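Reader: Hey, I'd like to go through this structure with you. Can you start with the words I'll need?
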Amino acid sequence: MNLADFDYDLPQELIAHFPTTPRDHSRLLVLNRSTSKISHHHFYDLPNLLTKNDVLVFNQTKVFPARLHGTKDSGGKMQILLLKKLTKDLWHALCKPGLKLNQRLIFGGIPATVTQVSPDGSVEIKFIGLTQAKINLLGQTPLPPYIHSPLSQTSLKHKYQTTYAKNIGSAAAPTAGLHFTKKLLQELKQKGIQQEFVTLHVGLGTFKPPTAEQLNQGVLHTEDFYLGEDTTARLNQAKAAGKRLIAVGTTTTRVLESCTNDSGVLIPQNASTDIFIKPTYKFKFVDALITNFHLPQSSLLMLVSAFISYPNTKHKFTNFLSSSSGQVYLQAINNKYRFFSFGDAMFIH
């Protein structure tokens, strides 16, 4: 297995540069992974596709304005993407253009120094006086580089955020959740569909595809997450009762699969995970998945491929385009679905 196995060609016009309005009017491709049957719907049809036997699990992380524009000591312009706060003043970040060790920077009057440059191109930067309030004032919504949105920053801060976002810490939105409106969540609740929440702060992996070395070693980037005791107890109870556990997004999936022991029981944790879910991973807790259409060669695409490949189904993975997941993507392309963060969704069950 190599990175080329997860490649595909996407017409540029199918990249979504802005969300559907209202959110739940995006399209929804439904795949029965046992029969390979595909049907086409809208996201607002979800209450008719689920039953009281279903449990939806959401990632309630909240995106912060992590993109900061600054100036190098040489006078040149640059920008960084804050990924993770390491200590009070120290941040892990991506930079553009590349920075040098001990290079001095300034962001809206706030001085900073590059304290480490990693082989993957990321850096550690020590700031003087960078508070969350300052980040909120200076920062911009960190859209992925392949999106060229016509929306204003004010609009983006609302659009690139789930309606149930709560815990600040993500450099990117858990995009499968962007399709849910408050009205839709209420409809699902009224139908008796259980809703549970975990937190995983989306980081480096959303912006950098896995390397060949990571693919061979089976270890991915780390992301911090939290799964509480009460939520764990309710999810274990639901699973024992035979309910269908539906992960909303690959980030939620990472949490649930990271916290499940060999007996299929969830264990509450406040930790970080480097789990790399790819064929031939056997899922331990997640029964169904709501997700967007992902970038070629991305770890997210590999997770989806694993979910609809052996040993989770009868379908054997060879490479992406000849696998069942690849055929689904080809159908999505032929039917003009919108791709990536602001695009349409899949429900795989």
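Author: Sure: buried means under 20% relative accessible area, exposed means over 50%, and partly exposed is in between (1.4 Å probe, protein chains only). This is a predicted model, where local features need pLDDT of at least 70, side-chain atom pairs count only at pLDDT 80 or more, and totals for chains, interfaces and linings use all residues. Residues are numbered from 1 along each chain as its sequence is written, and side-chain values use heavy atoms, with hydrogens and water left out.

Reader: Ok, so are Phe43 and Phe180 buried or exposed?
Author: Both are buried.

Reader: And how many aromatic pairs does the structure hold?
Author: There are 21. Rings of Phe, Tyr and Trp (its six-membered ring) pair if their centres lie within 6.5 Å; planes under 30 degrees apart are stacked, over 60 edge-to-face, the rest tilted. One of the pairs is Phe43 with Phe180, edge-to-face at 4.9 Å centre to centre and 85° between the planes.

Reader: Which residues do ring pairs link into a cluster?
Author: Tyr8, Tyr146, Phe293, Phe320, Tyr329, Tyr337, Phe339 and Phe340.

Reader: New topic: what lies over the face of Phe285?
Author: Lys239, at 5.1 Å from the ring centre. A charge sits over a ring if NZ of Lys or CZ of Arg is within 6 Å of the ring centre and within 35 degrees of the ring normal. The charged end of Arg338 does this with Phe18, 5.3 Å from the centre of that ring.

Reader: Last one: is Ser122 buried or exposed?
Author: Ser122 is buried, with a relative accessible area of 1%.
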